[in-house]
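Reader: I'm new to this one, so could you walk me through it with a few questions and answers?

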Amino acid sequence: MLSDKQIQQIISENEFLQIQLADANDMLHQREKELIMLRETARQATELKSTIENQLEELSYMQHLLGKKQQKLEGAGQREAAMEDELLQGIRMEKEYYNLREKLDSSIAQIEDISQQLDETANIFKELRDAKKKITELQSNLDIAHEEKELLQYELRKIKNQQSEGNT
């Protein structure tokens, strides 16, 4: 049989665990929001990567067109002027290519960071799930102890009543 002090301690621990559960639920809710934001960032990074790949394909196509145009030009003067223009366009495309390459590298780094954050978030969720399981187990033990206490109090009253009836 548990003493009043032990029961009070169990109740106090239960209240503390309920506060921890509320905190854990709040943290879980916050982590879920962060996970949604991370997924959105990953989605945006994927879109950016797709855009960059498309632009790289366009750049390749433009370079292919540039080669064809150079073959079609006639005359030395026209060829020289056209080549000068195409050279400038090639430089712009090369600059664009390097800019796109930089963005791609940056996006890949972001995706790796997001992946690592997702892994960390998954670990946190596992810890929260384990803590919730332990809290539920402790709550169940407290409920059982409370029911045992009530049963023992009932038995004690019954015995006292029997004794008082026997004395009268």
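Author: Let's start with a term: contact means heavy atoms within 4.5 Å. Keep in mind that this is a predicted model.

Reader: Got it. Not counting residues up to four places away in sequence, which residues does Leu28 touch?

Author: Neighbours up to four places away in sequence are left out here. With those set aside, the residues that Leu28 touches are Phe125, Leu128 and Lys132.

Reader: Which residues make up the largest nonpolar core?

Author: A residue has to be buried to join a core, and that means under 20% relative accessible area. The largest nonpolar core has 5 residues in all, and they are Ala24, Leu28, Leu35, Phe125 and Leu128.

Reader: And which helix gives the largest share of this core?

Author: The core is made up of Ala24, Leu28, Leu35, Phe125 and Leu128. Helix H1 (4-72) and H2 each supply at least two of its residues. The largest share is 3 residues, and the helix behind it is H1.

Reader: Okay, on to charges. How many salt bridges are there?

Author: The cut-off is a side-chain nitrogen of Lys or Arg within 4 Å of a carboxyl oxygen of Asp or Glu. One that passes is Glu47 with Arg43, where the closest N and O atoms are 2.1 Å apart. By this rule the count comes to 6.

Reader: How are Glu47 and Arg43 separated in helix H1?

Author: Glu47 is partly exposed at 42% relative accessibility, and Arg43 is partly exposed at 37%. The two sit 4 residues apart in helix H1, so their separation is about one helical turn.

Reader: What about Asp105: which residue does it form a salt bridge with?

Author: Look in helix H2, where Asp105 and its partner are 4 residues apart, which means about one helical turn. The closest N and O atoms of this bridge are 3.7 Å apart, and the partner is Arg101.

Reader: Is Lys126 buried, partly exposed or exposed?

Author: Lys126 meets Asp130 in a salt bridge, with 3.2 Å from N to O. These two are 4 residues apart in helix H2, so about one helical turn lies between them. The relative accessibility of Lys126 is 43%, so this residue counts as partly exposed.

Reader: Which residues do salt bridges that share partners join into one network?

Author: Here the link is a shared partner between salt bridges. The residues joined into one network are Glu40, Arg43 and Glu47.

Reader: Now for the rings. Why is the pair of Tyr97 and Tyr98 edge-to-face rather than stacked?

Author: The structure holds 1 aromatic pair. Planes under 30 degrees apart would count as stacked, while those over 60 count as edge-to-face. The rings of Tyr97 and Tyr98 have centres 5.4 Å apart and planes at 70°, so the pair is edge-to-face.

Reader: What is the area of the nonpolar surface patch made by Leu87, Leu88 and Ile91?

Author: Patch residues need over 30% relative accessible area. Leu88, found in helix H2 (residues 76-167), is partly exposed because its relative accessibility is 44%. Together Leu87, Leu88 and Ile91 make a patch of about 280 Å².

Reader: Last one: what distance separates the C-alpha atoms of Thr46 and Leu87?

Author: Thr46 lies in helix H1 and counts as partly exposed at 48% relative accessibility. Thr46 and Leu87 are 41 residues apart along the chain, and their C-alpha atoms are separated by 32 Å.

How values were computed
Residues numbered from 1 in each chain as written. Predicted model: local features only at pLDDT ≥ 70, side-chain atom pairs only at ≥ 80, totals over all residues. Heavy atoms only, no water. Patch = residues over 30% accessible without salt bridge, like charges linked within 9 Å, V, L, I, M, F, W, Y side chains within 5 Å. Areas by Shrake-Rupley, 256 points an atom, 1.4 Å probe, with all protein chains shown as cover. Buried < 20%, exposed > 50% of the residue type's maximum accessible area, 1.4 Å probe, protein only. Phe/Tyr/Trp six-rings, centres within 6.5 Å; stacked < 30°, edge-to-face > 60°. Core = buried A, V, L, I, M, F, W, Y, C linked by side-chain atoms within 4.5 Å.
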